[in-house]
Amino acid sequence: MTKVKRSFEEALVDLKDGQTVIVGGFGLCGIPEKAIEAIRQKGTKDLTVVSNNCGVDDFGLGLLLANKQIKKMVASYVGENKIFEQQFLSGELEVELTPQGTLAERIRAGGAGIPAFYTATGVGTPIAEGKPTKEFDGKVYLEERAIVGDYAFVKAWKADTLGNLVYRKTARNFNPLAATAGKITIAEVEEIVEVGALNPDEIHTPGVYVQHVLVGENYEKRIERLLTAKEVG
Amino acid sequence: MSETRDRIVRRAVQEIENGMNVNLGIGMPTLVANEIPADYQVLLQSENGLLGIGPYPTEAEVDADLINAGKETVTAVAGASYFDSAESFAMIRGGHIDLAILGGMEVSETGDLANWMIPGKMIKGMGGAMDLVQGAKRVIVIMDHMSKHGESKVKKECTLPLTGQGVIHRLITDLAVFDFTPSGMVLVEKIADLSVEEIRARTEASFTVSDGLKVY
């Protein structure tokens, strides 16, 4: 049975309204842009989306917001998006802000079978409200819960047909964690190679975590803030 | 760069020692990178997964897969490494980053920092700031001493929601440098133009004055 799928339609057959999805990427870097477009086309509603950011108005997860498919967003920073602001202020959209490192660890823990963990991050701040605390060696820590997704969507650079993944530069970010924490993980990549073509020492995500692999064409890879040495001077 | 901003940045860069691994926050802290002595081997960490941020790219070098935590295109220096977000914050939370220099909205006399949210305004999120203030070995905040409305941003208690409680080691403003110690906030440096009393008049927080008070 091959993990390589020809269409997102086939890979998304079990995606249902109200489910939780984990989406890799940081800003617009390393986001699974083809999967997001496919979810938009499928029209699945009331999704809880776990991702560091929520795209911009006309790209990335912003597309699902604009199409009113997101019920709740779990993120660390959502400041680049006007539609987000409108839906949040009108009460349509629920938001759970989570410190970035805590978000990464919650997803990692979800994939690693750890239900909760303790961290000093957020102690004494609004995000500590309602969370159990525990003291270790005289210091107070917050209990944070793991996150598991019904689906996880990741973007990698290369995959082999077994779903082994290699990422490129800072496009790695949340993707390897997301890959481990989906009950069904869909990896979209720029290139699929034969089994054996990837050096086992250089695989970032072992294929055991990945159920479906798709190759995407013509990646836009939009740059949020283009700065060059010339402009900066 | 304005004169006050320039003064803060020039003072802040003196906190960086050769060989350190440093995280610079978004905004004014990012400018500190330009002032690091060329002969220093300092690795700058970007919490999206890069240790060893290089200069901004030439047009030919621009790569959508290589950005900093401010989502700007960057390059990587020789010796840099890429990693995922969990590893990035293990590095931060685990105390492996020597120094974090962050911006601030308010600082309290007990070393609390508020820098992520203004109630009533749209919430953007804390990003990695709460993790950085808890995890970095040394946390330095740089900010203007007074708000645009002429109010002291160095408070008895923060009025804004906190990023971290008792987390700051040193505060550098355009008027003064303070250290946070078990016995309270201590003025350790000031600019030449103002007396200690004039700084006190511009500071809501109470502080003591170091015996070795210096001018910067």
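A cavity is a set of grid points where a 1.4 Å probe fits but cannot get out. The model examined here is predicted. A search of the whole structure finds three such cavities of 30 Å³ or more. The largest cavity holds about 80 Å³ of space.

Both chains help to line the largest cavity. Chain B supplies Ala64(B) and Asp65(B). Chain A supplies a run made up of Leu28(A), Cys29(A), Gly30(A) and Ile31(A), together with Glu33(A), Lys155(A), Tyr219(A), Lys221(A) and Arg222(A). By class, this lining has five nonpolar, one polar and five charged residues.

The second largest cavity encloses about 50 Å³. Its lining comes from chain A: Val23(A), Gly24(A), Gly25(A), Phe26(A), Gly27(A), Ile31(A), Ser51(A), Asn53(A), Gly55(A) and Leu61(A). Here four residues are nonpolar, six are polar and none is charged. Ile31(A) appears in this lining and also in that of the largest cavity.

The contact between the two chains was examined next. Chain A gives 51 residues to the contact, and chain B gives 43 residues. About 4,000 Å² is buried between chain A and chain B. Carbon and sulfur atoms account for 62% of that area. Within chain A, the residues that lose the most area to chain B are Phe26(A), Lys169(A) and Thr170(A). Together they make up 15% of what the chain A side buries. Phe26(A) also lines the second largest cavity.

Polar and charged groups also meet between the chains. Between chain A and chain B there are 25 residue pairs in polar contact, with both residues at pLDDT 80 or more. Four helices of chain A each give two or more residues to the side that touches chain B. They are H4 (82–89), H5 (100–112), H6 (175–180) and H7 (229–232). H5(A) provides the largest share, six residues. By class, the chain A side has 22 nonpolar, 16 polar and 13 charged residues.

Salt bridges were counted as well. Four of them link chain A and chain B. One salt bridge joins the side chains of Arg168(A) and Asp63(B), with an N to O distance of 2.6 Å. This pair counts as a salt bridge because a side-chain nitrogen of Arg lies within 4 Å of a carboxyl oxygen of Asp.

Methods. Residues numbered from 1 in each chain as written. Chains lettered and ligands numbered in written order. Predicted model: local features only at pLDDT ≥ 70, side-chain atom pairs only at ≥ 80, totals over all residues. Heavy atoms only, no water. Contact = heavy atoms within 4.5 Å. Buried area = accessible area lost by both parts, 1.4 Å probe. Polar contact = N/O pair within 3.5 Å; in protein donor to acceptor, adjacent residues only side chain to side chain. Nonpolar A, V, L, I, M, F, W, Y, C, P; charged D, E, K, R; others polar. 1 Å grid on protein atoms, 1.4 Å probe; cavity = no way out; pocket = protein on both sides within 12 Å on 5 of 7 lines; lining within 4 Å. Points joined across faces, edges and corners; volume = space filled by probe spheres on them.
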